[in-house]
Amino acid sequence: MRALVCHAWGDPTRSRADGGVLGVEDVPAPSVVPPKGVRVNVICASLNYADVLLVRNRYQEKPALPFIPGGEFCGVIAELGRDVENAKTFAVGQTVAGVVVGGGAMAEQVVVPDAASSIFPVPKNKNVSPAEAAAFPIAYGTAYLALVHRARVGPGTNVLVLGAGGGVGYAAVQIAKAIGCFVVAVARGGEKIKACQEAGADVCLDSDTLHDVKIDQDTPRNVEETFAGLPVAVKKALKGELADVLFDPIGGAGFQKGISSLKWGGTVLVIGFASGKIPKLQMNLALVKNITVHGVYWGAHASKDKETMARCTKEVGSMLANGFLKPKVDRQRSACSLEQAWKSFKALEHRDVVGKTVVVVGSVGDAFGDGGGGRSRL
């Protein structure tokens, strides 16, 4: 089978011929389907920032080399494990979306060891393309797990979402709105602000406008100054109140000023550090404001808490099936083949992606719901 393979740590944003470390190769297909698993013919795989960090050897987990990147996918079931077949929970020929922990999705076939906790049927007749389905499991699973399972948000909860124009931030905006929360979304630039508005955010804040107004406009700002005006902006957006929940996938200065934007008794959801900076928590502030901090590493639930993983996957999948959620795929910055996957990695690393970007293994028409067939250009 064809697969995108990484043999050495390094740059995923260039082709292998140009000095990058990712290239397309013929490799053996996975030979064994475990009793609880399924084999899937992959249509497309979605990228997450963790994929960039994995290839650059900067992630908290390190797969053995060589490895195939990609943690989430959409495809068609080709083979069922014995237990899955007996339970009749899935069927050969069924279109599903799901997750493989540790990579492997950017290949023509992938074997999912535990189907119940890792895949779900793609809704029929709900206008969900394979690319949108591939963009769903990790981003929406993470946001749902954080907001519902950890923060227990409900109607009327004031939620502040940082990085709201990216994959998991965009998902958090949609999920929070579907639950009935009031959402303040923070993103950078007009294109991402527009996406946040489309996702249903009640108030959208451009991070480029949140610098300290006392700074001379002709003087370059450092990153710590970028979010200086966030607490004031949030208080204005909430008519004198502060946020109940901070959803933070970016870290850095956003985290520091985000905590200052929380009311007494607020909750922080630490999702990741897309800014490249791991912030320090001011414990005196946490103490005085009685703040609860939750680290939400979604992938760990696959081994540590499969029951919660399966339940959250089912519940958020139901929200998709019922039309409450609509993943956003940045088609302009998605790759139309494995050979061009480096372009999607580059767009993601440079923070250019609005929503999610995907790498297509099957035909472009199949992936984006354009009707069957050819490998038309994006």
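How many bridges join strand β8 (residues 158-161) to β11? The exercises below start from that pairing.

This is a predicted model, in which local features need pLDDT of at least 70, side-chain atom pairs count only at pLDDT 80 or more, and totals for chains, interfaces and linings use all residues. Residues are numbered from 1 along each chain as its sequence is written, and side-chain values use heavy atoms, with hydrogens and water left out.

**Exercise 1. Trace the pairing around β11 and place β11 in its sheet.**

Step 1. Three bridges join β8 to β11, and the two strands run parallel. Strands here are DSSP runs of E with at least two residues, helices are runs of H or I with at least four residues, and both are numbered from the N terminus. Two strands pair if DSSP finds at least two bridges between them.

Step 2. Take one bridge: Val-159 has Val-245 of β11 as its partner.

Step 3. Turn to strand β12 (residues 262-270). Five bridges link it to β11, again parallel. Val-245 stands opposite Thr-267 in β12.

Step 4. Widen the view. The open sheet has six strands, in the order β10-β9-β8-β11-β12-β13, with parallel pairing. β10 and β13 (292-295) are the edge strands, each pairing on one side only. From one strand to the next, the twist averages 15°.

Step 5. Check burial, meaning under 20% relative accessible area (exposed is over 50%, partly exposed in between; 1.4 Å probe, protein chains only). In β11 (residues 243-248), five of the six residues are buried, so the strand is largely enclosed by the rest of the structure.

**Exercise 2. Describe how α6 packs on the sheet and on α5.**

Step 1. Start with the sheet. α6 touches β8, β9 and β11, and its direction makes about 165° with that of β9. Contact means heavy atoms within 4.5 Å. Axes are lines fitted to C-alpha atoms, for helices over the stretch in contact, and angles run from 0 to 180 degrees between N-to-C directions.

Step 2. Now α5. Two packed helices are described by the angle between their axes and the distance between the axes. For α5 (residues 137-150) and α6 (residues 167-179), the angle is about 50° and the axes are 8 Å apart.

Step 3. Classify the angle. Under 35 degrees counts as roughly parallel, over 145 as roughly antiparallel, 65 to 115 as roughly perpendicular, and the rest as oblique. α5 and α6 are therefore oblique to each other.

Step 4. Sort the contact residues. Those of α5 with α6 divide into 13 nonpolar, three polar and no charged. Nonpolar covers Ala, Val, Leu, Ile, Met, Phe, Trp, Tyr, Cys and Pro; Asp, Glu, Lys and Arg are charged; the others, Gly among them, are polar.

**Exercise 3. Repeat the analysis for α6 and α7.**

Step 1. α6 and α7 (residues 190-199) pack at about 25°, with axes 9 Å apart. That makes α6 roughly parallel to α7.

Step 2. List the contact. Tyr-170, Val-173, Gln-174 and Lys-177 of α6 meet Ala-195, Cys-196 and Ala-199 of α7. These divide into five nonpolar, one polar and one charged.

Step 3. Relate α7 to the sheet. α7 lies across β9 and β10, at about 165° to β10.

**Exercise 4. Is Cys-181 buried or exposed, and what does Cys-181 touch?**

Step 1. Locate Cys-181: the loop between α6 and β9 (182-187).

Step 2. Cys-181 counts as buried, at 2% relative accessibility.

Step 3. Leave aside neighbours within four places in sequence. Cys-181 is then in contact with Val-153, Gly-154, Pro-155, Gly-156, Thr-157, Val-159, Ala-176 and Asp-202. Val-159 also appeared in Exercise 1, as the bridge partner of Val-245.

**Exercise 5. Do the same for Ser-207.**

Step 1. Ser-207 is found in the loop between β10 (203-206) and α8 (223-226).

Step 2. Its relative accessible area is 7%, so Ser-207 is buried.

Step 3. Not counting residues up to four places away in sequence, Ser-207 touches Val-186, Ala-187, Arg-188, Thr-226 and Phe-227.

**Exercise 6. Find the partners of β5 and state the sense of pairing.**

Step 1. Strand β4 (residues 72-80) pairs with β5 in the antiparallel sense over five bridges. Cys-74 stands opposite Ala-97 in β5.

Step 2. Three bridges join β5 to strand β7 (residues 119-121), also antiparallel. Here Val-96 stands opposite Pro-121.

Step 3. Four of the five residues of β5 (residues 95-99) are buried, so β5 is largely enclosed by the rest of the structure.
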